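Me: Could you take a close look at one part of this model for me? I'd like to hear about one helix and what surrounds it.

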Amino acid sequence: MSSLLRVNWGPQHPITGHLRFILDLDGDIVVNAIPEIGYTHRGIEKLAENRNYLQVVPLVERVCNIDSFNVSLGYVMAVEELMGVKVPERAQFIRTIMAELGRIMSHLYWFAIFGVAAGLFTLIMWPIADRELFIDLAEMVVGSRVTYSYFTPGGVFADLPDEFDKRAAKTLAYFERRIGEYEVIFLHNKLYQLRTMHVGVLDSRKAIELAVAGPSARGSGIRMDVRSDEPYAAYDQLDFEVPVEDSGDACARAKIRLREMKESVLLVRQALNKLPEGPIRVRVPPILPREDAYSRVECGRGEFGIHVVGQGSDRPYRLKISTPSFRNMSALPHMLKGARLADLPIIYHSMDIWPLDVDR
Amino acid sequence: MDLFNLLVKVAVFPGAAFISTYTYFVIWLERKLLARVMLRIGPLHVGKYAGILQVMADFIKLLGKETIVPSNADRALFMAMPIIAVGIASLPLAAIPLDEYWVIFRSDYSLLYILGVFSLYPIVAALTGWISNNKYSFIGGLRAAYQLVGYEVPMHFSLASVAILSSSLNIVEIIKKQSNVWFVFLAPLSCLIYFISSLAEQERTPFDIPEAEQEIVLGWMTEYTGMSFGLFYLAYYVRLCIGSLLITALFLGGWYGPPIMPPFAWFLVKSAAVIVFIILIRGAFPRVRMDQLLNIAWRILTPLAIISILATMALQAVIGTIGW
């Protein structure tokens, strides 16, 4: 063992985020990578037991603040299932629109970091600047910019403003053009292909064994997406394609996310066209019944599951959250074995792991 | 009188004062231009025009920072290394003629001298990585040494065709030979190979492997803070400037140009254009991996450089017969 160099990679490091890897290096090759999580543990599951179920919405959003629409949608759906509430049609469509905007924002953020992981600093600026437009859209509807607390049990708390259609159409048209530019500077960039192709390969059998979730699993050729497998909100009334790539390398996972952003643009357009009239919220009972409910949604990072147990008061008895980043994290030690040190940030960020999401 | 002349040249032009001013503007240009590529604004408020004094402000800030020496590092060497780095980085300038008159060190073998002192710098990098006694620095230093193995051979091969074309190793003579046709037109392949390997030599994107921030923090400079880091930063840009001056001298016709500007101004304009190109490359490309760089250098650039030498020899024979 003496010929191995043990390196501490993170948590104070330019690219790891709040995570730590203990690496054993043999020259340039990673022999062993031990991830160490927990630097951002906030005890959200425990905190939720001391709040009433409405106060839990802003709390749960902090699980994955970069994708707060989708995460809060999961919690809200579980509470509704517990109470047996039927959400009005218009609210379902508005939820779908906002969830897809959230997915685009989440993917843009991933894109920025993934670009930097390979040393291209232009990519941290362009997607973040484009994300600003979507944040503005969300701000127009909700009033806040990152954590929204927009979905409430029974519906959404405010209707879409009048000029939302026009503004959204403009932003989406601009963004579709931008995705084309990203493909040119990123997917068709020879050096980028050199860095990402055949790097961090995860074949589909191994991906199933390691329970990889979301776009990372779809990059390994597994066709799974909660939106189409078990439709929620208004997804059953909309047409969309679930992108799947077979090669299972970092480049495939990147392609999946770019294609998903395109798909989300189409979804938002469709939902805006089909948007029915009607109420946006129904009244819900003030207490959670003494039962339990589980709901799952497709977050930007993959399948997000949440289990809520009621105790006959306004507070949940127990909240259990299963996050996609945690599942993808468990695949990392396997993927990093035998990789080169320079590929480490690329493999790590191609899985789109958000440390807050891992630790909860 | 000769001694006085020499002193003026070393201290003012084309020596210390000139290269520091030029480096200053290049640092500013890189920050401003890269910011525009990234859809940012870049330095704006310090100084009257476009944040021109921002670099000065940052250097003053660095002066005020504490210099931390790691307890396990070799203290004397650790403190000396940044100064050695700046010294070694600016050595090649002595033989670069900005004009027929303005050259510090005249020799018939000045090209060899430049190649020699230019390759000293990776040794500084490797040594700094070693004495810092930090694992990231250590890996960065080793990578710098590996990189040297990668780019050195194609680089020297590509310069061989320059020597053949000008039948001289004296840079002044090489530039004079380009009064009619620049060597970039006679040996375009060599120019391309030299450009790529000089990117690797200056540790510029896409070959900034020894200081890859995402993998090894700041590579061999990880442990440096304050002004000692600032000096490394200075050395980095001095090398960028000198590298671009060298490309201008060897391939882009040096001081020759239409007589609307003085010769040395032509020299600077051309080298600034090279620098702009290098900065734009940084805005558009990710970093390659160490093994990929070695692949590119040994499997693509070296054979191409040999082909280029043969082609240049043939060309030289043709030029010799028709007496051009």
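What follows is a walk around α5 of chain A, with a few stops elsewhere for context.

Reply: Sure. Keep in mind that this is a predicted model, with ipTM 0.81 and pTM 0.87.

Let's start with the neighbour inside the chain. α5(A) packs against α6(A), residues 164–187, with the two axes 10 Å apart and an angle of about 165° between them. Anything over 145° counts as roughly antiparallel, so α5(A) and α6(A) run roughly antiparallel. The crossing of α5(A) past α6(A) is left-handed.

Who meets whom? On the α5(A) side you'll find A:D130, A:L133, A:F134, A:L137, A:M140 and A:V141, and they meet A:F164, A:R167, A:A168, A:T171, A:F175 and A:R178 of α6(A). Sorted by type, the residues of this contact come out as eight nonpolar, one polar and three charged.

Now for the other chain. The contact between the chains draws 27 residues from A and 22 residues from B. α5(A), spanning 122–142, is one of the elements that each put at least two residues into chain A's side, along with β1 (5–9), α4 (89–117), α7 (190–196) and α14 (344–350). That side of chain A is made up of 20 nonpolar, three polar and four charged residues. So much for α5(A) itself.

β1 of chain A, another contributor to that side, leads us to the sheet. The sheet is open, with three strands in the order β1-β2-β3 of chain A and antiparallel pairing. β1 and β3 (29–36) are its edge strands, each pairing on one side only, and the twist averages 20° from one strand to the next. In the middle of that order, β2(A), residues 20–26, pairs with β3(A) over seven antiparallel bridges. If you want a spot to zoom in on, A:D24 stands opposite A:N32 in β3(A).

For a helix pair in the partner chain, try α3(B), residues 54–63, and α12(B), residues 226–250: their axes come within 7 Å and cross at roughly 140°. That angle makes α3(B) and α12(B) oblique to each other. Here B:F59, B:L62 and B:L63 of α3(B) meet B:G226, B:M227, B:F229 and B:G230 of α12(B). By type, this contact has five nonpolar residues, two polar and no charged. As for confidence in chain B, its mean pLDDT is 85, and 99% of its residues reach 70 or more.

Key: Residues numbered from 1 in each chain as written. Chains lettered and ligands numbered in written order. Predicted model: local features only at pLDDT ≥ 70, side-chain atom pairs only at ≥ 80, totals over all residues. Contact = placed C-beta atoms within 7 Å. Helix = DSSP H or I, 4+ residues; strand = E, 2+ residues; numbered from the N terminus. Nonpolar A, V, L, I, M, F, W, Y, C, P; charged D, E, K, R; others polar. Axes fitted to C-alpha atoms, helices over the stretch in contact; angles between N-to-C directions. Parallel < 35°, antiparallel > 145°, perpendicular 65-115°, else oblique. Left-handed = near helix turned anticlockwise from the far one by under 90°. Pairing = 2+ DSSP bridges. pLDDT = per-residue confidence, 0-100.
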